[in-house]
Amino acid sequence: MNSSEFFVELNIDSTITESIMNKINDSTPDQWITILDQNLFKLSIDDFASDPKMCKVIKDLGAQERLSVLQFNPNVCFQWHKDKVRTGAINMLLRGFDSFCAFGTIGKGNLFTEVQKLEHKPNKYYLMDVKKYHCVFNFSEPRYIISIGLETTYDETFKYLTENKFI
Ligand SMILES: [Fe+2]
């Protein structure tokens, strides 16, 4: 089992963490919405303006509808699941590096899951196969992560990113 079955780091160095975190810190509760039990702050393509490569990815993949920041409370585990609505996702962790995402293949006996751990590096985007089982553990601080929901599958997106030398 190879981690690239589940996720891959993009070779884009993001410069938007500070500006997005300023927006989050200045936000009011009415700017947050709850979808499927998750706290979500909507972003627009303009929020990615200083990451021109990511703007190109978002436009080329037609992903302008599902741009957001997700918030997780400290000391929570987001249960094993496969995403229902979106087919793929690109994420970047903003705050809450005392956390990790795990992807896995659940064994036949339902007791053991073979896992691969994704520990996000600062200012790095990751393509993730959200149609495979994954979970999140968050510990000491609130976790904020940019989420770009895709209509394209992991394999389609992987191919696009390879062709454009983004991975
Ligand atoms: Fe998910």
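Two strands are taken to pair if DSSP finds at least two bridges between them. In the predicted model described here, this criterion is met by strand β1, residues 7–13, and β9, which run antiparallel and are joined by four bridges. Within this pairing, F7 has M128 of β9 as its bridge partner. Strand β9 also pairs with strand β6, which spans residues 88–95, again in the antiparallel sense and over three bridges; here the residue standing opposite M128 is A89. M128 of β9 is thus found opposite F7 and opposite A89. Strand β9 itself, comprising residues 124–128, is mostly covered, four of its five residues being buried.

The surroundings of Y126 add detail to this picture. When residues up to four places away in sequence are not counted, Y126 touches F7, V8, E9 and L10, together with I90, N91, L118 and H120. Y126 is also a member of the largest nonpolar core, which holds 33 residues, and is listed with F7, L94 and L127 as touching the most other members. Contributions of at least two residues each are made to this core by the strands β1, β4 (67–72), β6, β7 (99–106), β9 and β11 (143–150), and likewise by the helices α2 and α3 (154–163).

A further arrangement of strands is an open sheet of four, in which the order is β5-β10-β7-β8 and the pairing is antiparallel. Its edges are formed by β5, residues 76–81, and β8, residues 113–118, each of which pairs on one side only. On average, and with direction ignored, neighbouring strands of this sheet are turned by 20° against each other. At the β5 edge, four bridges join β5 to strand β10, residues 133–138, and the two strands run antiparallel; in β10, F137 stands opposite C77. In general terms, the strands of a sheet pair through backbone hydrogen bonds, either parallel or antiparallel.

Helix α2, which covers residues 52–60 and includes D60, is among the elements that each supply at least two residues of the largest nonpolar core. D60, by contrast, is classed as exposed because 12 other C-beta atoms lie within 10 Å, the class being assigned to residues with 12 or fewer such neighbours. With respect to R143, from which D60 is 83 residues apart along the chain, the separation of the C-alpha atoms is 28 Å.

Notes:
Residues are numbered from 1 along each chain as its sequence is written. This is a predicted model: local features need pLDDT of at least 70, side-chain atom pairs count only at pLDDT 80 or more; totals for chains, interfaces and linings use all residues. Axes are lines fitted to C-alpha atoms, for helices over the stretch in contact, and angles run from 0 to 180 degrees between N-to-C directions. A residue is buried if 20 or more other C-beta atoms lie within 10 Å of its own, exposed if 12 or fewer, and partly exposed in between; C-beta atoms are placed from the backbone. A nonpolar core is a set of buried Ala, Val, Leu, Ile, Met, Phe, Trp, Tyr and Cys residues joined through C-beta atoms within 7 Å. Two residues are in contact if their C-beta atoms, placed from the backbone, lie within 7 Å.
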